[in-house]
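Here's an informal walk through one model, going from helix packing to ring pairs to a few backbone oddities. Have the viewer open and follow along.

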Amino acid sequence: MYDELIQYLQSYKKTRISLGQLENLADPTMTYNSFQQNIQKLLDNQILLPINKHGTNGKQPPLPLTFRIRKSVVTKPLRQEIQLAQLRVHPLIKLDAYFSLSASRWQKDLPYIERIHDYLTRYGVPQEEATAPERSFHLVGDEKWLDEKGGRKLLETIGVWELLKISAMPDPLMLAVNSRRYHENQSVCHHLIVENKTTFYAIQPILSSTPYTSLIYGAGWKVVSGLGNLTAQLGLVRDVEHRLEYFGDLDHEGIAIWYTLFEKWEVVPAVYLYQALLKQRPSAGKETQTAKMEAIMRFVSFLSTEEGELIQRLLQGVQYLPQEAVEAERLRACMNQYVSRMMEKEERRIGN
């Protein structure tokens, strides 16, 4: 109980505290003698000083009814811990603010501070701007940390928010338009998002022969914020439904990007392209990426059981498949086969 009392006193704002308040922290099964020994230890260490004029509780051994807290003593271990941490972390990280914050806040923030330290040590200050989800994922492995889980406040507290070049205004969406599909009077527009530039340029030459109204270059995490500009950038004035598919790397980050798009825009995996990717030889690496099991399980639900198990074994074995593993000609052939199958299905539907 002694450590719990110390933590409570470190975060307690006032300089006086009553015996009754300390009793409320004790386990109901704790004996008075055990409780008295813990309080006496605080008195012996001069963390608490008795206010004698307020008297005692009348029990044996007695305890004062009111105490004065010696803040300089009770916070000394915490201050020493923060000072030692300041010597270890990246020099751009400033921990001075934590001297005036609670111990609980320090303990809560410390794991994230260590991750920011690791990022800055490994990569340095970023040279290019990134959206909050993109930067958030690379910093702590959670794309929602900055916007929804207090990440910005922590970065401001340690003085690195401005240095990390987090963009509030999304970049315009980078896309190619299929003019044939664009001018058709269709009620549904299909769009394909690809994570990497190489894949974008591999598909662009055959875009006009596909059912997609646009081919979108995701550029990693940038698409998460940029996708909101799709309708405005296309300039489609008629009321249409937009259905979006995504094709990215088969690794933890690629799946995390897709999952964010799925939650926000109902983007589904381009299954036929991932099936082609699964036929390629995987590469080792990406050991530093963070697994997000919720995203993985939702992703594999779109594929067959066998394909889902293959993806999970791939990721568990710290391997990955970049989308560039499917060569350009094979990728285009795969898309042409997919289009042919879709056309055959449509013809059968019309015939029936």
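## Helix packing

Let's start with helix α5 (residues 76–88) and α6, whose axes come within 12 Å and cross at roughly 10 degrees. Before going on, note that this is a predicted model, where local features need pLDDT of at least 70 and side-chain atom pairs count only at pLDDT 80 or more, while totals for chains, interfaces and linings use all residues. Residues are numbered from 1 along each chain as its sequence is written, and side-chain values use heavy atoms, with hydrogens and water left out.

Helices (H or I, at least four residues) and strands (E, at least two) are DSSP runs, numbered from the N terminus. Axes are lines fitted to C-alpha atoms, for helices over the stretch in contact, with angles from 0 to 180 degrees between N-to-C directions. Angles under 35 degrees count as roughly parallel, over 145 as roughly antiparallel, 65 to 115 as roughly perpendicular and the rest as oblique. α5 and α6 are therefore roughly parallel to each other.

On the α5 side, Leu-78, Glu-81, Ile-82, Ala-85 and Arg-88 meet Ala-103, Trp-106, Gln-107, Leu-110 and His-117 of α6; contact here means heavy atoms within 4.5 Å. Sorted by class, the contact of α5 with α6 has six nonpolar, two polar and two charged residues. The classes: Ala, Val, Leu, Ile, Met, Phe, Trp, Tyr, Cys and Pro count as nonpolar, Asp, Glu, Lys and Arg as charged, and the others, Gly among them, as polar.

Now for α6 with α7. The axes of helix α6 (residues 103–123) and helix α7 (residues 132–140) come within 8 Å and cross at roughly 95 degrees. That makes α6 roughly perpendicular to α7. Tyr-112, Arg-115, Ile-116 and Tyr-119 of α6 make this contact with Arg-135, His-138, Leu-139 and Val-140 of α7. The contact of α6 with α7 splits into five nonpolar, one polar and two charged residues.

How much of α7 is covered? Eight of its nine residues are buried, where buried means under 20% relative accessible area, exposed over 50% and partly exposed in between (1.4 Å probe, protein chains only). Among the buried residues of α7 are Glu-134, Arg-135 and Phe-137. Right after α7 comes Gly-141, with a positive phi near 80 degrees.

## Rings

The structure holds 15 aromatic pairs. Rings of Phe, Tyr and Trp (its six-membered ring) pair if their centres lie within 6.5 Å; planes under 30 degrees apart count as stacked, over 60 as edge-to-face and the rest as tilted. Take Phe-247 and Tyr-274: their ring centres are 5.1 Å apart and their planes sit at 80 degrees, so the pair is edge-to-face. Phe-247 lies in strand β9 (residues 241–247) and Tyr-274 in helix α15 (residues 271–277), so the pair ties together parts that are 27 residues apart in sequence. Phe-247 is buried at 0% relative accessible area, and Tyr-274 is buried at 1%.

Trp-258 and Tyr-259 form a tilted pair, 6.0 Å centre to centre with 50 degrees between the planes. Trp-258 and Tyr-259 are buried too. Ring pairs link Phe-247, Trp-258, Tyr-259, Phe-262, Tyr-274, Phe-299 and Phe-302 into a cluster.

Elsewhere, Arg-79 lies over the face of Phe-99, at 4.6 Å from the ring centre. The criterion is NZ of Lys or CZ of Arg within 6 Å of the ring centre and within 35 degrees of the ring normal.

## Backbone oddities

Most residues other than glycine have a negative phi, and most peptide bonds are trans. Gln-60 and Pro-61, though, are joined by a cis peptide bond with omega about -10 degrees. Pro-61 is in the loop between β2 (48–50) and β3 (66–69). Two non-glycine residues with positive phi are worth a look:

| Residue | Phi | Loop | Relative accessible area |
|---|---|---|---|
| Ala-219 | about 55 degrees | between β8 (212–217) and α12 (222–226) | 16%, buried |
| Glu-266 | about 60 degrees | between α14 (252–265) and β10 (268–269) | 64%, exposed |

## A buried arginine

Is Arg-332 of helix α18 (residues 328–351) buried or exposed? At 16% relative accessibility, Arg-332 counts as buried. Leaving aside neighbours within four places in sequence, Arg-332 is in contact with Ala-202, Pro-205 and Ile-206.
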